[in-house]
Amino acid sequence: MASVETQKNGDARDLLAKAPWTDEQGIGMKIYQGVMMTLEVLVLIVKMYATWFHCIYKFFVPPEPKSVKGEIVLITGAGHGMGREMALRFAKLGSVIVCVDINQSGNQETVDIIKEAKGKAHSYLCDVTSRDAINEMADKIRKEVGEVSILVNNAGVMPCKPLLQTGEKEIRVAFEVNCLAHLWMLQAFLPAMMERNHGHIVAMSSMAGVIGLRNLVPYCGTKFAVRGMMEAVHEELREDPRNFSGIKLTCICPYIVDTGLCKNPKIKFPSLMKILSPQEAVEHIVDAVRREYHEITIPSSLYYINQMFRVFPRSVPLHIKDFLDSGLEAQ
């Protein structure tokens, strides 16, 4: 009896599967899915073209620089070089500067220069390779100054020698200062920016984070990592349903800046790729922050040259690189 009932149920399913209306429903569903996919692709194409034309417009008509007056700007490595120049520049624009460095005398000198010019600045001694030290400093800054609204991760070191001649300690320090410190600073200061949906994160990468250079293998690794981190943080904020559109990110990729880190620069065509002073570089950096650019190179021409040559097979750009014959000699 059970086998007969099973057979009947099987026959009923076979008849239902062969029923003409089920085929029509399947075809209709496929047509519907095809139409919806086509519409989605068309919307995507329209969005891409609209964004492309908008970017072209912004290239010729850049956005107006935003005011940074009253913003609390924290800069790591503020005791010398570009860190000091950025601190002085933001102070002139009316920002409250939080200078962070492991070099207490250099850091305090930066603060004194700002205060002599009637600016507002605070000095904090901190080893940015220590997550605990950063968190402790962050609590003090909140109590004594306020919430940081512009974070500039600038501190860096540059071991310059062939990889096989670079010691373990040098490599670890390079990654701790140039890379891991960015993560610890973000974890300490990004949450407050998210609460207010207001803030700007600036990361110092390098052209060594765009192209590989000899004698700078660990340094290139850290600077490529910084660009990757900034892109990933941007995506986390962009895809979060809570809307963090008020938080901006800017990644800076200078070529060679005379800060003392580049001991033996090698430049074949100085008129084409000259060594910049910290003051010249900072003009570009602060302008990029105020215009809320996502990423810049210094000089700006290198950004477009790199983008253009990335579409060629890998061996083609190498000819250009050999022709320019620029970089750093081992120390």
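**The largest pocket and helix α4**

In this predicted model, the residues that line the largest pocket come out as 16 nonpolar, nine polar and seven charged. The pocket itself holds about 1,500 Å³ of space. Of its 32 lining residues, the ones closest to the centre are Lys58, Tyr293, His294, Glu295 and Tyr303.

Where does the largest share of this lining come from? It comes from α2, which puts in seven residues. The helices α2 (20-60), α7 (217-239), α8 (278-290) and α9 (301-309), along with the strands β6 (247-254) and β8 (295-298), each hand over at least two residues to the lining.

Now for helix α4. This helix covers residues 104-116, 13 in number, and spans 18 Å between its first and last C-alpha, close to the 18 Å expected at 1.5 Å a residue. Which of its residues are buried? They are Gly106, Asn107, Thr110, Val111 and Ile114. Looking down the axis of α4, these buried residues sit within an arc of 140 degrees, so they line one face of the helix. That set packs against α3 (81-92) as well as the strands β2 (96-101) and β3 (120-125). The other side of α4 is where Gln104, Ser105 and Glu116 are exposed. After the helix comes Lys118, which has a positive phi, near 70 degrees.

Notes:
Residues numbered from 1 in each chain as written. Predicted model: local features only at pLDDT ≥ 70, side-chain atom pairs only at ≥ 80, totals over all residues. Heavy atoms only, no water. 1 Å grid on protein atoms, 1.4 Å probe; cavity = no way out; pocket = protein on both sides within 12 Å on 5 of 7 lines; lining within 4 Å. Points joined across faces, edges and corners; volume = space filled by probe spheres on them. Helix = DSSP H or I, 4+ residues; strand = E, 2+ residues; numbered from the N terminus. Nonpolar A, V, L, I, M, F, W, Y, C, P; charged D, E, K, R; others polar. Expected span 1.5 Å × (residues − 1). Buried < 20%, exposed > 50% of the residue type's maximum accessible area, 1.4 Å probe, protein only. Arc of directions from axis to C-beta. Contact = heavy atoms within 4.5 Å.
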